[in-house]
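Before looking at the model, think about what can hold a folded chain together. The questions below work through charged pairs, cysteines, packing and one helix, with each term explained where it is first used.

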Amino acid sequence: MKETGSASMPVETGFDVPAKIAELQSAIESVIRGKSETVKFALIALLARGHLLIEDVPGIGKTTLANAMARALELSFQRIQFTSDLLPSDVIGLSVFNQKSGDFEWKAGPIFSNIVLADEINRATPKTQSALLEAMAEEQVTVEGVSRRLPLPFIVIATQNPAEHHGTYPLPESQLDRFMLRLHIGYPSLDDEREILRDRKRANPLDRVEHVMSQADVVELQGLVTRVRFDEALVDYLLQIVDATRKSDSLELGISPRGTLALFRSAQALAFIEGRDYCIADDIKRLVVPCFAHRVIVNSRTSALRQRTREAEQALSDILEKTSVPI
């Protein structure tokens, strides 16, 4: 495993991979001002073939982020507003009887897109939420015994408001575990907000986002991510952290094997985005909280959602401090 320097990824796509990724980040950040780390983590989820949960207050750019990604990558995009009366068929589609032909015709739902924004996902009933489970895990949906593949690449970007709980249904652990990363965007600085106002003075900056990569390019980059080297010492380090979550007195539920794989794959994607063909311990440390905090359950069940989030993040930070970093 290389330990020093900045190695460029092997060029197998016909273009300079690090330069293209930097161009992609720049295109998205021209719309999402002052949130470079958020944009990078969203790209990590995409290139690692994961899904993204954004938990934050309304109006800070969650929908804009998903839309900007779709435009910069020439990917299809659908936004689904989750409400209490939304049905599973409204998400995945259904068969409709055609009176002229006498046959049932399949009408695909909005889930058949490359980037699906599940807006306010916790406002839909558990039955509707569960319609996403197979799609997020298997990249397919099964209706009436027929399995249909989803377009690739495929990513669900879901949002929920941590402060508003009227008419909401908390996401069950099985649903949360499907999300590779959970992010908090946060308010922009005053300088960044001033730039936002200037950007939108005459036109929507989304209209100026140029295509950087194609759908085929993204799929190929996803394949290259899996080839990023992960030293055995780092595997041991990752597993020590996972094992500590399962033994922690502060946590009732530790990390599942799916969560372990999510951290492994997202660390590879982070190294790839930063132009390395090998992972380092800092990749793991940077991703532990966004990858694990929504998967663990703290002991205090009476805490509010925001308080439980802070407690989970603190418990993971304590585990990181106690776990020896490989040399």
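**Charged pairs, cysteines and packing**

Q: What relative accessible area does Arg-286 have?
A: This is a predicted model, in which local features need pLDDT of at least 70 and side-chain atom pairs count only at pLDDT 80 or more, whereas totals for chains, interfaces and linings use all residues. Residues are numbered from 1 along each chain as its sequence is written, and side-chain values use heavy atoms, with hydrogens and water left out. A residue is called buried under 20% relative accessible area, exposed over 50% and partly exposed in between (1.4 Å probe, protein chains only). Arg-286 is therefore partly exposed, its relative accessible area being 30%.

Q: Which residue meets the side chain of Arg-286 in a salt bridge?
A: A salt bridge is a side-chain nitrogen of Lys or Arg within 4 Å of a carboxyl oxygen of Asp or Glu, and the pair formed by Arg-286 has an N to O distance of 2.8 Å. Arg-286 lies in helix α12 (281-292) and its partner in the loop between α11 (257-273) and α12, so the pair ties together parts that are twelve residues apart in sequence. Helices here are DSSP runs (H or I, at least four residues), as strands are (E, at least two), numbered from the N terminus. The partner, which is partly exposed with a relative accessible area of 29%, is Glu-274.

Q: Which residue forms a salt bridge with Arg-276?
A: Arg-276 counts as buried at 7% relative accessibility, and its partner is buried as well, with a relative accessible area of 1%. Salt bridges that share partners join this pair with Glu-37, Lys-40, Glu-274 and Arg-286 into one network. The closest N and O atoms of the pair are 2.8 Å apart, and the partner is Asp-283.

Q: How many salt bridges does the structure count by this rule?
A: Another example is the pair of Glu-120 and Arg-123, whose closest N and O atoms are 3.2 Å apart. In that pair Glu-120 is partly exposed at 25% relative accessibility, whereas Arg-123 is buried at 19%. The count for the structure comes to 20.

Q: How many disulfides does the structure hold, and why does the sulfur of Cys-291 form no bond with that of Cys-279?
A: A disulfide requires two cysteine sulfur atoms within 2.5 Å. The structure holds zero disulfides. Cys-279 is in none, although Cys-291 has the cysteine sulfur nearest to its own. Cys-279 and Cys-291 are both buried at 0%, but their sulfurs are too far apart for a bond, at 13 Å.

Q: Which residue has its backbone oxygen 2.5 Å from a polar atom of the Thr-128 side chain?
A: Thr-128 sits in helix α5 (residues 126-129) and is buried, at 1% relative accessibility. Leaving aside residues up to four places away in sequence, Thr-128 touches Phe-82, Leu-86, Leu-87, Pro-88 and Val-91, where contact means heavy atoms within 4.5 Å. The backbone oxygen that lies 2.5 Å from its side chain belongs to Leu-86.

Q: How many residues are in the largest nonpolar core?
A: A nonpolar core is a set of buried Ala, Val, Leu, Ile, Met, Phe, Trp, Tyr and Cys residues joined through side-chain atoms within 4.5 Å. In soluble globular proteins, nonpolar side chains tend to be buried together. Among the members of the largest core that touch the most other members are Ile-28, Met-69 and Phe-272, and its size is 76 residues.

Q: Which helices do the buried residues of α11 pack against?
A: α11 has 17 residues and reaches 24 Å from its first C-alpha to its last, close to the 24 Å expected at 1.5 Å a residue, the expected span being 1.5 Å times one less than the number of residues. The helix is mostly covered, since twelve of its 17 residues are buried, including Gly-259, Leu-263, Leu-270 and Ile-273. Just after α11, Gly-275 takes a positive phi of about 85°. The buried residues of α11 pack against α1 (17-29), α2 (36-47), α9 (215-225), α10 (232-247) and α12.

Key
A polar contact is a pair of N or O atoms within 3.5 Å; within protein, one must be able to donate a hydrogen and the other to accept it, and residues adjacent in sequence count only if both atoms are side-chain atoms.
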